[in-house]
Each structure stands twice: as structure tokens, then as C-alpha cells.
Amino acid sequence: MKASGFDFSQVLALSGAGQQHGSVYWKTGASLVLSSLSPALPLCQQLQACFSISDCPIWMDSSTTAQCRQLEAAVGGARALSCLTGSRAYERFTGNQIAKLFQQNPEAYSNSERISLVSSFAASLFLGGYSPIDYSDGSGMNLLQIQEKVWSQACLGACAPDLEEKLGSPVPSCSVVGAISSYYVQRYGFLPTCQVVAFTGDNPASLAGMRLEEGDFAVSLGTSDTLFLWLQEPMPALEGHIFCNPVDVQYYMALLCFKNGSLIREKIRDESASGSWNKFSKALQSTEMGNNGNLGFYFDVMEITPEIIGRHRFNAENIEVSAFPGDVEIRALIEGQFMAKRIHAEGLGYRVMPKTKILATGGASHNKDILQVLADVFGAPVYVMDTSSSACVGSAYRAFHGLAGGAGVAFSEVAKSAPRPSLAATPSPGASQVYEALLPRYAELEQRILSQARRPLE
């Protein structure tokens, strides 16, 4: 940006996002280095000796199962932990990663004066001092009490000693955490008055970038399907995650991930529509809403929500059958995917409201017939928008929000001039009656499959 002639003095405030669940360990004495950086040298030369471990864990690390079980046991079980922190214990969550570091490398833990998330680490670079962890990204640690917005003493104690001191106090996601470091003023030309707004996780920043409001949800229809929900009264469960809302401290956001997304849609397209999306769409157009009572579950890889594998088809009498005709198979797949999303979203406290809108992104969002089924199943209009950089755009909105007054100003007010999404589908007449009748059946059949999968071998 500097080489291209960008005028950094135009920047009044900045914020950012970091991939969730990663952690960074600052060595004792690092704060002195961070606060006295030379503008003549790049950061990597000055900070390379500031960390107590050089290879930090990120979300891909699933080696902390033992620590997860210890944490759940310390608070009364997985459900108790979910009610407290918004999620049962997950291997990639930061509290469990910290516990493993303390148990396996106590010297490195002892030598860490501060532990940052990736987001607060990045903010610290701009501040020239340690940035606090924000509520929203902090909710992805199995350490923050999401109702009270404070660290759980029981969870801290189960993970490592003196942990609260190493984490610092969490702050609202719209907080101005300080002015930009003199390093950036002198090296790049920022104004000394440029404000740094708390950085957050990539998923919360995406919610901000898509400008969701109460009752809305966004669905990314990609290799995996991901749901972002805006919640008022969360109901923590053993599946999915509930985070503090990044743009309104009174609300929450939930995240659900479904592993069988575009890949299974492509397989069924190849098997039942000769590999043609046009034929796939015509099958959705030619079959009735509700598929005459035929329901399908398609999990070619072990699903996350719920934990099921295999393909299961049921006729209108709830009898499992081995196959459907091609057009019935296609509708069963798409209806089943969206009914599962609605059922599990409602399990976390989501409710469709009169003003609800659905924002669809990802590859399958280009297929209007798939989006029509989405609108029908949820009984809400579906919009599409270009969100290829939603976390980045959301960070810019959040910087503006923090500068405008944060919690005292509605986020929707500061983002009101942003481009509006395009309407792609509205619910068909009679859709609500069809799917309100089908959803309980689908949920019961899902539980039947789950119970059969868990039945011990005789």
C-alpha cells in the first residue's frame, strides 16, 4: 500500500479479523519490545525473539482430547460447559490448547507473560502494546461465560494457573482499544489520532460483513455448509457454537457446520441428473414441495451435525427404502439438507420472524432452484450478495462502528449506506403448511437413525 502511494493519513480508525481458535504466546519482556519498535526496521526482525513458543496451535490441531475431557469434568459435564461457554469442549478451542501447553511444556507456559488470540495478536501489533481479547472471539475458547461476559474461574482453573492474568480482561467487540502505535505513524504515515477498534474472529467479522440483524441468518453453501445465526435468547447445546454477537453486545450469534455440502450435491447431480445442473434444476421444478412425503438423509462422510454417516431414504409411511427415482432423489437431498439446517438452528434458539431474511453465499447460491427450496423450507425470502471478502469488509464496518460510538450507536445505522443484497427467492404459496408438517417427521427419523447407529453390537 505504501509503495502504491496510499495516503494512510486518511484512515481514521481500523479493525481486523483473525482465524478463530489460534493462540500466540508472548515471552516475558515482549511488551517492552512491542512498545519501543524502531520505524526503520520491519516487525519480523524486531519481534522474532518475543515468543515463548514459535509454532503456535491453530484450529486444525485436534490433539487435546484429554484436556477437553478434563475441562468438561471440572464444570459438571459437556452440557454444563456448553451452557457456560456456548460450546462443549472442542479440541481446537483455545482453553484446551493452553491446558496442553501447560501440561507438556510448563516452562514455556511460565515464560509467557501474555496469551493472545490471532485477532488480539494482530491488534497488538497496531497498538504497540497488548490488545484485550474481544467478547466475540473470546467465546471460541471454552473459557468465557457468554451470559456474564467474564472469564469463567472454574474453566481457567481447570486449564492452567495464573491464566486470567495472562489473558487480560475481555472487552466488548466494538471497543476502541487505543490509538495506533507511533511505529505506524512514522513508518507509514498514519495520523497519531487513528483509532484501533478491537479485532475479532473471522466468523464474527463475517456476520458483520453480511450485516445480519435480529432473526436473520446466512448460509454458505460450499464444500461444507455453514450457518451463521443472529440470536436473542440462545439455547446452548451439545452441537454447534454460540458466540457473543460482534456488533450488538445484547445479542448472540451461533455457528453450525454441516460437512456434507457441495460434494454430495455434486454426487447426486452426477448419479441422478447425468452430471447436468440444468437437469438437476428441472427435477426440483417438476417435483412438488414436500416430495410426496419422501424424505432423505445423505451423509457420504461422517456428518458433524448430527453425527451420522450413510444414505437413508424413507417413503411417506416412514419405511426405509433402498432407492428413489432420480427426480425424487434430487428433491429429497435438497429438502433434507435445508430441513436439517432449520431443525438444528431452532435447537440453538433460532426462530423465523416476520422480518427474517436469509443471505446465501457459496457455489450453490448461484442455483435459483436450490434457493427456492431454501426459501420454502424456512418460510423467508432469500437474498444473495458478494461476500467473498465478508470478514474484511465486516472489519471495516466494525472500525466505523467503534469510531461512531460503539455500543451507543446501532451497527445498522453505520452500515446503512452499504450495497444492498439482491432478492433471489421468496416462499411459495402454501410452503409453510407443507414444511411445518414435515419438519417434526424429519427430526424423528433423524433421531431414529442416530439411535440405530449408537446401538451396541450384539
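Between domain 1 and domain 2, 18 residue pairs are in polar contact, with both partners at pLDDT 80 or more. A polar contact is a pair of N or O atoms within 3.5 Å; within protein, one must be able to donate a hydrogen and the other to accept it, and residues adjacent in sequence count only if both atoms are side-chain atoms. Salt bridges across this interface number zero. The rule there asks for a side-chain nitrogen of Lys or Arg within 4 Å of a carboxyl oxygen of Asp or Glu.

This is a predicted model: local features need pLDDT of at least 70, side-chain atom pairs count only at pLDDT 80 or more, and totals for chains, interfaces and linings use all residues. Residues are numbered from 1 along each chain as its sequence is written, and side-chain values use heavy atoms, leaving out hydrogens and water.

The domain assignment, from an automatic or database source, gives domain 1 as 2–194 and domain 2 as 199–457. Their C-alpha centres lie 31 Å apart. Contact (heavy atoms within 4.5 Å) takes 37 residues from domain 1 and 31 residues from domain 2.

The two domains bury about 2800 Å² between them, 58% of it on carbon and sulfur atoms. Buried area is the accessible area (1.4 Å probe) that two parts lose on being put together, summed over both. In domain 1, Ser15, Gln20 and Cys174 lose the most area to domain 2. Together they make up 19% of what that side buries.

The table lists elements that give two or more residues to the side of domain 1 that touches domain 2.

| Element | Residues |
|---|---|
| Strand E1 | 13–14 |
| Strand E2 | 17–18 |
| Helix H4 | 78–85 |
| Helix H7 | 118–127 |
| Helix H8 | 135–138 |

H4 gives the most to this side, with five residues. Helices (H or I, at least four residues) and strands (E, at least two) are DSSP runs, numbered from the N terminus. The protein has 19 helices and 19 strands.

The C-alpha atoms fill a box of roughly 70 × 55 × 40 Å along the principal axes.

Salt bridges do occur elsewhere: the whole structure holds 13. Side chains of opposite charge can pair when their charged atoms come close. One salt bridge joins Asp225 and Arg265, with the closest N and O atoms 2.8 Å apart. Asp225 lies in strand E11 (residues 225–231) and Arg265 in helix H13 (residues 262–272), so the pair ties together parts 40 residues apart in sequence.
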